[in-house]
Amino acid sequence: MAINLDKPHRWKADIAASVDMFNDWFLKFAPQAYRDSRRGAVRDVRKAFRRTGDLTTIRSTTILEAPSILQVLRMATCPPLARDRLVGLAYTSKSFVQALESGRIPLRMKEDERRDHAARICQTITRMIDQDVAVWLERRTTANPTQRSRAATIIADRLCGAVSDPIIRNAQEKRQLDRLASYLTAKQYSHVQPAPAAPITAMKSGTFGFRVTVRAGTARTVNIPVDFVFQPHEASNGRLPVLIEAKSAGDFTNVNKRRKEEATKIRQLRETYGDNVQYLLFLCGYFDSGYLGYEAAEGIDWIWEHRIEDLDQLGL
């Protein structure tokens with residue numbers, strides 16, 4: 001039974017209500033999410049300061065010993081360096097920089113090659129350090145606590161500014177998943193995380209789980225990540241649980257980027273589990289009629305967060 005995909009006469013009102021809900025959440029909670037992230041960023045910057053002698057000695061050995069500090073160092077330059085810009089200026093590779101910033105050392109590279117790439121990165125960053133922020137460098141003095149604190153805050157703000165969208169998106173996703181869990185918990189469901197090796201159809205009735213991998217595909221097996229799954233109380237043994245993707249958007253511009261991916265997911269799921277797959281989107285924010293029409297044409301239904309009680313139509 002369709003929930004929202006077959007009711008286009010309601011879409012306009014629902015879009016407006018969803019936008020209002022997202023905006024209300026953003027104004028109330030996004031600043032706090034950003035501040036929380038900034039506190040963590042300040043700690044990361046201070047660690048980078050300690051490892052580099054307050055940015056006075058940026059060496060390849062330091063980066064290879066603590067590769068994740070590279071992201072901090074990119075934000076300490078003037079101007080702050082985007083990852084691709086650093087790759088070009090240092091004549092290194094994007095994969096090498098990405099590996100370092102994720103905290104990994106590219107082990108497939110020879111040791112002398114890693115050192116050479118790291119050295120070029122250090123030379124570039126050292127040459128471009130923002131001395132208006134790290135004022136002690138231009139003055140050739142030792143950083144005092146006030147200068148260090150001020151510089152750490154500025155660099156942390158740059159770091160958070162560069163990743164502000166993911167910060168907000170992660171906070172919103174957590175809130176959406178918590179909302180789903182609370183709604184089902186009130187209906188006597190319990191959180192029982194499915195075992196990674198167990199088939200998803202073995203999930204017990206009356207339970208839900210977060211961020212589950214569902215195996216699908218016929219020609220070849222693919223692992224499909226799903227944000228939230230639950231098995232209704234009256235579900236028969238061996239039934240595929242309800243699969244839900246939590247989606248939020250702060251503007252209408254970028255909502256269409258992943259819709260083809262969602263269409264691919266449901267096709268793979270249907271190939272494996274049949275046409276009765278219940279794969280739903282949990283929407284909050286800026287989703288226009290173009291996006292909704294595309295999902296409806298693919299047979300993908302959705303629940304609006306501002307009307308979460310539509311979940312009851314699934315036979316909870």
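User: In this predicted model, what share of the contacts between residues at least 6 apart in sequence joins residues at least 24 apart?

Analyst: The model is a predicted one, and the contacts in question are those in the protein chain between residues at least 6 apart in sequence. Among these contacts, the share that joins residues at least 24 apart is 65%.

User: How many helices and strands does the protein chain have, and what box do its C-alpha atoms fill?

Analyst: The protein chain has 11 helices and 6 strands. Taken along the principal axes, the box filled by the C-alpha atoms of the protein chain is roughly 70 × 45 × 35 Å.

User: What percentage of the residues of the protein chain count as buried?

Analyst: A residue counts as buried when its relative accessible area is under 20%. The protein chain has 316 residues, and the part of them that counts as buried is 45%.

User: Where is Arg50 placed, and is Arg50 buried or exposed?

Analyst: Arg50 takes part in a positive surface patch, together with Arg43, Arg46, Lys47 and Arg51. The place of Arg50 is in helix H1, which covers residues 11-51. Because the relative accessible area of Arg50 is 61%, and the cut-off for this class is over 50%, Arg50 is exposed.

User: Which residue forms a salt bridge with Arg158, and is that partner buried or exposed?

Analyst: Arg158 forms a salt bridge with Asp130, and the closest N and O atoms of the two are 2.7 Å apart. This pair links distant parts of the chain, with Arg158 in helix H8 (residues 145-162) and Asp130 in the loop between helix H6 (111-128) and helix H7 (135-139), 28 residues apart. Arg158 is partly exposed at a relative accessible area of 21%. The partner is Asp130, and because its relative accessible area is 6%, Asp130 is buried.

User: Which helices are linked by the salt bridge between Lys94 and Asp84?

Analyst: The side chains of Lys94 and Asp84 meet in a salt bridge with an N to O distance of 3.6 Å. The two residues are 10 residues apart, Lys94 being in residues 94-101 and Asp84 in residues 83-90, which are helix H5 and helix H4.

User: Which residues are joined into one network by salt bridges that share partners?

Analyst: The side chains of Arg307 and Asp310 meet in a salt bridge at 3.0 Å, N to O. Arg307 is buried with a relative accessible area of 15%, and Asp310 is buried with 6%. Salt bridges that share partners make one network of Asp14, Arg307 and Asp310.

Note on methods. Residues numbered from 1 in each chain as written. Predicted model: local features only at pLDDT ≥ 70, side-chain atom pairs only at ≥ 80, totals over all residues. Heavy atoms only, no water. Patch = residues over 30% accessible without salt bridge, like charges linked within 9 Å, V, L, I, M, F, W, Y side chains within 5 Å. Areas by Shrake-Rupley, 256 points an atom, 1.4 Å probe, with all protein chains shown as cover. Salt bridge = Lys/Arg side-chain N within 4 Å of Asp/Glu carboxyl O. Lys, Arg positive; Asp, Glu negative; His and termini not counted. Charge placed at Lys NZ, Arg CZ, Asp CG, Glu CD. Helix = DSSP H or I, 4+ residues; strand = E, 2+ residues; numbered from the N terminus. Buried < 20%, exposed > 50% of the residue type's maximum accessible area, 1.4 Å probe, protein only. Contact = heavy atoms within 4.5 Å.
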